[in-house]
Amino acid sequence: MSTLWTPGGEVPVDDGRGRSAAPPPQDSPDQTEDPLAGLSDEERAHAEELAQQLAEAREQIANTPAEVVVGNHAMGLYELGAIHLSQQPPNLDASRLAIDALGELVEGLEGRLGEHEATLNEALHQIRMAFVQVSRAMEGTDEGATEGDAEE
């Protein structure tokens, strides 16, 4: 049975062979019921405003090239790695995870990241070098790491 969860309940989806999955159970809530029922006028207005803002954000994302959105997420991983490296003491495990995730993204999507791919590759190189420098500075402590960390 293939269904998709939505705020209104389970919705049958096409199984790929032109057939829909079994309908949702009969005891599921009526999907035409007002989801804002029971709210005050002020709460309803606020909920409707939030829904409109969400719809606008979704539209903006839909109109943005995917490589730009993915690149933005990649830079978020870069920032996460840098934040953990800059902690006192540095959190090498958390930084390594973020840097490795960035590497998987950038190297795994080589040739598909658009005009900012070179910048993403340079950012990956720089954060890996920073990781090695911080790791070397910490050698000899219980939290030390080796040069190969975050470069796999």
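**Notes on a predicted four-helix, two-strand chain**

1. The chain contains four helices and two strands, and when it is read along the sequence these elements follow the pattern β-β-α-α-α-α. Please keep in mind throughout that this is a predicted model, and that the values below are computed from it.

2. Taken as a whole, the chain has 152 residues, of which 20% count as buried. Its accessible surface comes to about 10800 Å², and 52% of that surface belongs to carbon and sulfur atoms. Among the contacts between residues at least 6 apart in sequence, 42% join residues that are at least 24 apart.

3. The two strands are S1, covering residues 3-6, and S2, covering residues 9-12; they run antiparallel and are joined by four bridges. The connection from S1 to S2 is a hairpin that passes through two residues. To find your way in the pairing, look for leucine 4, which stands opposite valine 11 in S2.

4. Helix H2 has 21 residues, and the distance from its first C-alpha to its last is 30 Å, close to the 30 Å expected at 1.5 Å a residue. Its buried residues are Gly71, Ala74, Gly81 and Leu85. Seen down the axis of H2, these buried residues fall within an arc of 70°, so they line one face of the helix. On the other side of H2, Asn72 and His73 are exposed, while the cover over the buried residues of H2 includes H3 and H4.

5. Helix H3 spans residues 92-108, which makes 17 residues, and it reaches 23 Å from its first C-alpha to its last, close to the expected 24 Å. Which residues of H3 are buried? They are Leu92, Ser95, Arg96, Ala98, Ile99, Leu102, Gly103 and Val106. Around the axis they cover an arc of only 165°, and therefore they sit on the same side of H3. The face turned away from this buried side carries the exposed residues Asp93, Leu97, Glu104 and Gly108.

6. A general point helps in reading such lists: an α-helix has 3.6 residues a turn, so residues three or four places apart point the same way. With that in mind, it is worth following the buried residues of H3 outward to their partners, since these residues pack against helix H2 (66-86) and helix H4 (117-137).

7. Serine 95, which is placed in helix H3, deserves a closer look. Is serine 95 buried or exposed? Its relative accessible area is 0%, and because a residue under 20% counts as buried, serine 95 belongs to the buried group. Leaving aside residues up to four places away in sequence, serine 95 touches Gly81, His84, Leu85 and Phe131. Two of these names, Gly81 and Leu85, also appear among the buried residues of H2. In addition, a polar atom of the serine 95 side chain lies 3.1 Å from the backbone oxygen of glycine 81.

8. Alanine 130, found in helix H4, offers a contrasting case for the reader to inspect. Its relative accessibility is 25%, and because partly exposed residues lie between the 20% and 50% limits, alanine 130 counts as partly exposed. How far apart in space are alanine 130 and serine 86? Measuring from C-alpha to C-alpha in the model gives 9.9 Å, although the two residues are 44 residues apart in sequence.

Notes:
Residues are numbered from 1 along each chain as its sequence is written. This is a predicted model: local features need pLDDT of at least 70, side-chain atom pairs count only at pLDDT 80 or more; totals for chains, interfaces and linings use all residues. Side-chain values use heavy atoms; hydrogens and water are left out. The expected span of a helix is 1.5 Å times one less than its number of residues. Buried means under 20% relative accessible area, exposed over 50%, partly exposed in between (1.4 Å probe, protein chains only). The arc is that of the directions from the helix axis to the C-beta atoms. Contact means heavy atoms within 4.5 Å. A polar contact is a pair of N or O atoms within 3.5 Å; within protein, one must be able to donate a hydrogen and the other to accept it, and residues adjacent in sequence count only if both atoms are side-chain atoms. Two strands pair if DSSP finds at least two bridges between them. Accessible areas come from the Shrake-Rupley method with a 1.4 Å probe; for residues, only the protein chains shown count as cover.
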